[in-house]
Amino acid sequence: MTTSEQPATLRERKKLRTRQALADTAVTLFDEHGFDSTPLDALLEQVEVSRRTFFRNFRSKEDVALTAVKQVWDVYLEVLDGTEKSGPLADVFLDAMLTTLERMDEDWYRRFPLTLRLIAGSPALDGYALRHCAEVQAEIARRLDGHNRLELRLLIEFFTAAWRCALDEWLPDCTPGELSALLRRACSSMNSALSLEA
């Protein structure tokens, strides 16, 4: 999931393995058969877990499909909390995401492109992803509530737009080392983009 240490207890490690098996199998199954065409029971049967076990780990089929998206934003919020907030906030946002991308492991870089393709191919999953993005943006604003609300909201919108543009450029090749460079380029292009003339 990330390059952080594994959980200490056997129970925690078993729970993590179950979550990973569900997330890995979900993106593979959904990629092969389509998100909307794959019933939850097919995933449960493949991983050999009960509905009860599934719902102890995930809220829904959409939730498990978006595991890689949620992971990157969860790590991002942790990094942002631990970052000294000095200098332009746009640089703080960018540096926090660059650090986040360094912390993601090979498994995440394998699942994330599959997840992005699933989102693009399913209106239901796309809507779920947009709602999650809005929740993350609201959480970033809440954590930085001392700043001007309108300008902060605009900056968060600009940053997430730059992130989405970088992801669009990253697909279809999805070379792990290129995502950071594409995000840097998207963020550095914001000022010139705002001064484009009709």
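**Warm-up.** Is Phe58 buried or exposed, and what is its relative accessible area?

*Solution.* Phe58 has a relative accessible area of 3%, so Phe58 is buried (buried means under 20%, exposed over 50%, partly exposed in between, with a 1.4 Å probe and protein chains only).

A word on the ground rules: this is a predicted model, where local features need pLDDT of at least 70 and side-chain atom pairs count only at pLDDT 80 or more, while totals for chains, interfaces and linings use all residues. Residues are numbered from 1 along each chain as its sequence is written, and side-chain values use heavy atoms, leaving out hydrogens and water.

**Exercise 1.** Classify the ring pair of Phe54 and Phe58.

*Solution.*
- Step 1: recall the rule. Rings of Phe, Tyr and Trp (its six-membered ring) pair if their centres lie within 6.5 Å; planes under 30 degrees apart count as stacked, over 60 as edge-to-face and the rest as tilted.
- Step 2: apply it. The centres of Phe54 and Phe58 are 5.8 Å apart with planes at 35°, so this pair is tilted.
- Step 3: look around. Phe54 is buried too, at 0% relative accessible area, and the charged end of Arg19 sits over the ring of Phe58, 4.3 Å from its centre (the test asks for NZ of Lys or CZ of Arg within 6 Å of the ring centre and within 35 degrees of the ring normal).

**Exercise 2.** Do the same for Tyr76 and Phe159, then place both rings in the fold.

*Solution.*
- Step 1: their ring centres are 5.9 Å apart and the planes sit at 15°, so the pair is stacked.
- Step 2: Tyr76 belongs to helix α5 (residues 67-81) and Phe159 to helix α9, so the pair links parts 83 residues apart in sequence. Helices here are DSSP runs (H or I, at least four residues), numbered from the N terminus.
- Step 3: both Tyr76 and Phe159 are buried, and they belong to one aromatic cluster, whose members include Trp73, Phe93 and Trp163.

**Exercise 3.** Find the backbone oddities in the loop between α9 and α10.

*Solution.*
- Step 1: know the baseline. Most residues other than glycine have a negative phi, and most peptide bonds are trans.
- Step 2: check the peptide bonds. Leu171 and Pro172 are joined by a cis one, with omega about 10°, and Pro172 is in this loop.
- Step 3: check phi. Cys174 has a positive value near 55°, and at 10% relative accessibility Cys174 counts as buried.

Technical notes:
Helix = DSSP H or I, 4+ residues; strand = E, 2+ residues; numbered from the N terminus.
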